[in-house]
Amino acid sequence: MKYLCQQKFQVVTGLEKLVLMRKKCSFFIGVVLLTGGVVSGFKQYETMLLEEYKIVPEGPLSYEFPNSDIAMEESGEFLAIPFIGKTYVGFKQALAVRESYGLYRIVNSYGYMGKYQFGKVALRSIGVTDTSSFLHDPLMQEKAFDALVAKNKWILRKEIEKFDGKRIGGIQITESGILAAAHLGGAGSVKKFLNSNGANGFQDGYGTSIRTYLKSFSGYDVSDITAEKDAVVVL
């Protein structure tokens, strides 16, 4: 085959060679542009995803698994199935899906970053000042979420004790719902909402309300995290 190709190119005229070279050049440039477009398109998709996160269902996200904690494979062997459901891990994962589709290296148009969409003020409150390192460190992001939950749990300890189990505007108030709402709008906004019996509300820049988070993230077991006034990220 190699010999036949060589014979074929030996009879190509000088003009034909020029045309052939141009075609090859055009093809190469096209491939480069296409590759660049795909890469840049992926980057744009990754950053724009947050602007469209409203397509996430408004209902509770519980990550339910089958009731049995084991399943039988076709081979007859037992396979362990993780159950996170309404556990603290389930709470984290459900909130991450709503916030960022669970993507660590993402920043929305308001500057909130990471899997759980932290603002710089919230990060500073738990001891994180290097936002670049934060954005590229999944472990730090997970630790930051735990620390912020612990801090908000302490700030809202009186509200949790007072309102847990009650209903406001048809919404069952729970500890996990309160903490999720605090992640959305800050502990102060949650205090105002609860103590005004829902009259003083809050919405983020995309129109998501505290009421939505109170409802969507209710009923999770967040007892794994202890209230801590001065919680900070420790790696």
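**Figure 1. Close-up of N197 in the loop between α9 and α10 of the predicted model.** N197 belongs to the loop that connects α9 (187-195) with α10 (210-216). The backbone of N197 has a phi near 60 degrees, a positive value in a residue other than glycine. N197 counts as exposed because its relative accessibility is 57%, and the threshold for that class is over 50%.

**Figure 2. Close-up of Y101 in the loop between α3 and α4.** Y101 is found in the loop that runs between α3 (88-100) and α4 (120-125). Although Y101 is not a glycine, it has a positive phi of about 65 degrees. With a relative accessible area of 30%, Y101 is partly exposed.

**Figure 3. Close-up of the salt bridge between K92 and D146.** The closest N and O atoms of K92 and D146 are 3.2 Å apart. K92 lies in helix α3 and D146 in helix α6 (residues 138-155), so this pair ties together parts that are 54 residues apart in sequence. How buried or exposed are the two partners, K92 and D146? K92 is buried, with a relative accessible area of 10%, whereas D146 counts as partly exposed at 22% relative accessibility. The cut-off for burial is under 20%, which means that the value of K92 falls within the buried class. K92 and D146 also belong to a network of salt bridges that links them with K115 and E142.

**Figure 4. Close-up of the salt bridge between E175 and K153.** The side chains of E175 and K153 meet at an N to O distance of 3.4 Å. Helix α8 (residues 175-185) contains E175 and helix α6 contains K153, so the pair ties together parts that are 22 residues apart in sequence. K153 is buried, with a relative accessible area of 9%.

**Figure 5. Close-up of the salt bridge between E159 and K191.** In this pair, the closest N and O atoms are 3.2 Å apart. Because E159 lies in helix α7 (residues 157-163) and K191 in helix α9, the salt bridge ties together parts that are 32 residues apart in sequence. E159 counts as buried at 8% relative accessibility, while K191 is partly exposed, with a relative accessible area of 25%. Side chains of opposite charge can pair when their charged atoms come close.

**Figure 6. Close-up of G188 and I155.** G188 is found in helix α9 and is partly exposed, with a relative accessible area of 39%. G188 and I155 are 33 residues apart in sequence. In space, the C-alpha atoms of G188 and I155 are 8.7 Å apart.

**Figure 7. The protein chain as the setting for the close-up views.** The protein chain has 10 helices and 4 strands. Its elements follow the order α-α-β-β-α-α-α-α-α-β-β-α-α-α from the N terminus. Of the 235 residues in the chain, 35% are buried. Among contacts with a separation of 6 or more, 64% involve residues 24 or more positions apart. The structure holds 5 salt bridges, including those of K92 with D146, E175 with K153 and E159 with K191. The chain exposes about 14200 Å², of which carbon and sulfur atoms supply 60%.

Notes:
Residues are numbered from 1 along each chain as its sequence is written. This is a predicted model: local features need pLDDT of at least 70, side-chain atom pairs count only at pLDDT 80 or more; totals for chains, interfaces and linings use all residues. Side-chain values use heavy atoms; hydrogens and water are left out. Helices (H or I, at least four residues) and strands (E, at least two) are DSSP runs, numbered from the N terminus. Buried means under 20% relative accessible area, exposed over 50%, partly exposed in between (1.4 Å probe, protein chains only). A salt bridge is a side-chain nitrogen of Lys or Arg within 4 Å of a carboxyl oxygen of Asp or Glu. Contact means heavy atoms within 4.5 Å. Accessible areas come from the Shrake-Rupley method with a 1.4 Å probe; for residues, only the protein chains shown count as cover.
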